[in-house]
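Student: Could you walk me through one part of this model up close? I'd like to go residue by residue where that helps.

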Amino acid sequence: MKKRITKYPCRRTVRITQAEDEKLQTQAAIARISVAEYMRRKFFGGRPIIARTDDLAIRELRRLGGLLKHNIQLASNANQPKAWHEMRETLKKIQAAIDFLGQENDP
């Protein structure tokens with residue numbers, strides 16, 4: 001029987017408690033990645049771990065921000081400074097939410 005060639009040929013064993021294992025599995029499931037990939041990212045600082053729900057929320061916020069930018073331009077052209085100001089403030093809040101969700105947080 002041939003040995004399977006893998007991208008990760010080395011293996012390490014770590015002893016953890018049952019509670020730690022459950023937490024690890026839960027966090028990996030929330031991020032929708034394997035436990036091994038979750039551990040590699042945490043240990044070696046790979047790509048940020050973002051929960052799938054956060055990823056979807058970020059996409060939706062970016063879409064709404066784009067629509068709002070279009071409306072800001074229309075308000076500016078229509079000489080409506082009050083509406084323009086309110087929309088600019090809303091856009092800042094959307095950007096803050098995107099920044100918050102995009103931070104490397106444990107899921």
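Student: Is Phe-43 buried or exposed?

Tutor: Keep in mind that this is a predicted model. Phe-43 counts as exposed, because its relative accessibility is 56%, and the cut-off for exposed is over 50%. Its partner Phe-44 is exposed too, with a relative accessible area of 68%. The rings of Phe-43 and Phe-44 make an aromatic pair, with 6.3 Å from centre to centre and 80 degrees between the planes, so it's edge-to-face, given that over 60 degrees counts that way. The count of aromatic pairs comes to 1.

Now for the helix around there. Helix 2 covers residues 35-44, and its axis comes within 9 Å of the axis of helix 1, residues 18-31, with a crossing angle of roughly 95 degrees. Helix 1 and helix 2 are therefore roughly perpendicular to each other. On the helix 1 side you'll find Leu-24, Gln-25, Gln-27 and Ala-28, which meet Val-35, Tyr-38 and Met-39 of helix 2. Sorted by type, the residues of that contact are 5 nonpolar, 2 polar and no charged.

What about the cores? The largest nonpolar core has 10 residues, including Ile-58, Leu-61, Leu-68 and Ile-94. Helix 3 (52-77) and helix 4 (81-102) are the elements that give two or more residues to this core. Apart from it there's another core of 5 residues, with Ala-28, Ala-31, Ile-33 and Tyr-38 among them. Back in the largest core, take Ile-94: leaving aside residues up to four places away in sequence, Ile-94 touches Leu-61, Leu-64, Gly-65 and Leu-68.

Methods. Residues are numbered from 1 along each chain as its sequence is written. This is a predicted model: local features need pLDDT of at least 70, side-chain atom pairs count only at pLDDT 80 or more; totals for chains, interfaces and linings use all residues. Side-chain values use heavy atoms; hydrogens and water are left out. A nonpolar core is a set of buried Ala, Val, Leu, Ile, Met, Phe, Trp, Tyr and Cys residues joined through side-chain atoms within 4.5 Å. Buried means under 20% relative accessible area, exposed over 50%, partly exposed in between (1.4 Å probe, protein chains only). Helices (H or I, at least four residues) and strands (E, at least two) are DSSP runs, numbered from the N terminus. Contact means heavy atoms within 4.5 Å. Axes are lines fitted to C-alpha atoms, for helices over the stretch in contact, and angles run from 0 to 180 degrees between N-to-C directions. Angles under 35 degrees count as roughly parallel, over 145 as roughly antiparallel, 65 to 115 as roughly perpendicular and the rest as oblique. Ala, Val, Leu, Ile, Met, Phe, Trp, Tyr, Cys and Pro count as nonpolar, Asp, Glu, Lys and Arg as charged, and the others, Gly among them, as polar. Rings of Phe, Tyr and Trp (its six-membered ring) pair if their centres lie within 6.5 Å; planes under 30 degrees apart count as stacked, over 60 as edge-to-face and the rest as tilted.
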